[in-house]
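I record here what I looked up in this model, in the order in which I took the topics. The entries cover a contact between chains, a sheet, a pair of helices and one chain as a whole.

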Amino acid sequence: MIDISNLELGIIDPDSGANKPVLKGISLSIKRGEAIGLVGESGSGKSMTLRCILGIEPRNSVVTGDIVLDGENLRTLPGERMRGLRASKIALISQNPHAALNPVLPIETYLLEGMADAHGRNAKAARTRAGEMLEQVGIRSVDRVLKAFPHQLSGGMLQRVVIAGAISGRPGLLLADEPTTALDVTTQAEVAAILDEKRRDLGMSMIFVTHDLDLAAAVTDRLAVMRYGEIVEIGTPEQIRDNPRHAYTQMLMSIRPTLNGATPQAHDDGDSTGVGHSAAGLPAETEIGSTL
Amino acid sequence: MTNIIEISGLNKTFRTSRKHEPVRALDDVSVAVREGSCMAVVGESGSGKTTLARVLVGLETKDSGEVAIAGTPVTTSLQRKEQRARARAVQMVFQDPNGSLNRRLPVGSAVDEVLRAHFPLTASQRKERVSELSKSVGLADSHAQSLPSALSGGQKQRVAIARAFAAEPKIIVLDEAVSALDVSVQAQVLELLHELRRDKGLSYLFITHDLSVVRNIADDVIVMRQGQILERGTVDDVLDRPQSPYTRLLLECAPKPGWKPRRGVIEHLNSKIAS
């Protein structure tokens, strides 16, 4: 479905011209219908990987490597073709649904726009379909929601609307960037279940970015653990949970507070001295192996 | 053991607009926090947990009910001197340290401000105290000169904690204070909070949505929903033997190893709570 090979991204400092590496050679293959979780802490490059797939990396960044989606290299496609692909083959669900929704337009317009523009449906068929999509993501009062404006709906409701919009065009690849992080825990469970179910039903591939290992494990087939712009370990959720191989994965598993009361061990990753962090708040390279 | 915080029958209503029904943010809330203990307040958005904290620290007025800190009732008619004493006794740490730090002020000066407000110290005494406080939260002396923008999220939260400790309070109210931190940084900050409590005999009111964090830090817990306390008890009792269907829902929905999200759980339990 999608093959990412040796993806590197550096951000050029406008003053000094220095190249700060953010992604250091990401390689990842995702099969059709497979879901993969990108997990890691802030600055690990998980969101930046998604931005490279969409071709929306920050300005003054230099990207090398290939991202091949169904035989087409996204990194070398002309802009118009890339826009076409973004409309038909790739969908993004981000942490903040307001980013996807126009605050002055009702939900109906948002859903119809996607279907009519990208998929050439006529307005009436699209309207019926929009209602069906909302039902599929567990929205009961379809008519009310279609007429509502984004500010009138809760975060969980909006995220369902965005999921409905994302899957309505049946894209082959779903990119989900912390889609449930801003939601209450009960709403998160509901929205994650909907996302998981719909993706499976439609046979879509998914890249699910999150900081929550247990959440990622619940909705994906494989996990890729990222740190400082590299994938340190890839495995099934069971393997990562029961038998993590990389020292960083082991640390992630051991330090998080758990419901059953195992006491986490604080690890000194350099935060207390400040040497481990750059000005941007991104953890710099430090060897954590010595603290294990 | 005496109670450092006693809240009884607390009510607070917000009127958002004429069109909407007033929101009962706190509905007959009573809580007692034992001196030296950590009380967790758990709930989802709109549960009233933050309003409870804001009333306690005096950022919000109450409609009715009693609040007492260390046996002294807190009323709106407090004299200036008493207000100052209360302000010192109860300190707050918020989720986003950027909101409590002035981005043009070096973080050392941010801590120094608190000392100047509350203690008659000379400049050199204050400097020494800032250095002590920085050390106690695991920051190097050299950080005192840094602007917040030069620090990581975890470091900024340590500064916010140092500021809270600078006032030598009896109580620290932590409102989602570790929620935005990466797990490795969160573990360090939780460890720091454990240490400071052990060493100084402080009491915490710890507001969070994260039950794993509750298990890690708290002794007792109250579970809130729509302004009401649905369940209270020791952490082990509430998390291991939850009585309220809502607490069970929260526990069931929290991701854990081997967990799978299920559709319809919320509706199922909502109907149970309603009945």
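**Entry 1: the contact between the chains.** I count two residues as in contact if their C-beta atoms, placed from the backbone, lie within 7 Å. The model is a predicted one. I looked up how many residues each chain gives to the contact, and I found 40 from chain A and 38 from chain B. I then asked which elements of chain A give two or more residues to the side that touches chain B. They are helix 7 (185-202), helix 8 (213-219) and helix 10 (247-255) of chain A. Helix 7 of chain A supplies the largest share of that side, with 10 residues. Sorted by class, the side of chain A that touches chain B holds 15 nonpolar, 14 polar and 11 charged residues.

**Entry 2: a sheet in chain B.** I turned next to an open sheet of 4 strands in chain B, where I read the order as 2-1-4-5 and the pairing as antiparallel. Which strands stand at the edges? I noted strand 2 (23-34) and strand 5 (72-73) of chain B; each has a single partner strand, so one side of each is left without a neighbour in the sheet. Strand 1 (residues 3-14) of chain B runs antiparallel to strand 2 of chain B, and I found 8 bridges joining them. For B:Asn3, I looked up the bridge partner in strand 2 of chain B and found B:Arg34.

**Entry 3: two helices of chain B.** I examined helix 6 (residues 153-166) and helix 7 (residues 183-200) of chain B, whose axes come within 10 Å and cross at roughly 15°. Angles under 35 degrees count as roughly parallel, and I therefore describe helix 6 and helix 7 of chain B as roughly parallel to each other. I recorded their crossing as right-handed. On the side of helix 6 of chain B, the contact is made by B:Gly153, B:Gly154, B:Gln157, B:Ile161 and B:Phe165. Helix 7 of chain B contributes B:Val185, B:Gln188, B:Val189, B:Leu192 and B:Leu196. By class, I listed the residues of this contact between helix 6 and helix 7 of chain B as 6 nonpolar, 4 polar and no charged.

**Entry 4: chain A as a whole.** I closed with totals for chain A, whose secondary structure comes to 10 helices and 10 strands. Of its 292 residues, I noted that 43% count as buried. Among contacts in chain A between residues at least 6 apart in sequence, I found that 62% join residues at least 24 apart.

How values were computed
Residues numbered from 1 in each chain as written. Chains lettered and ligands numbered in written order. Predicted model: local features only at pLDDT ≥ 70, side-chain atom pairs only at ≥ 80, totals over all residues. Pairing = 2+ DSSP bridges. Nonpolar A, V, L, I, M, F, W, Y, C, P; charged D, E, K, R; others polar. Axes fitted to C-alpha atoms, helices over the stretch in contact; angles between N-to-C directions. Parallel < 35°, antiparallel > 145°, perpendicular 65-115°, else oblique. Left-handed = near helix turned anticlockwise from the far one by under 90°. Buried ≥ 20, exposed ≤ 12 C-beta atoms within 10 Å, placed from the backbone.
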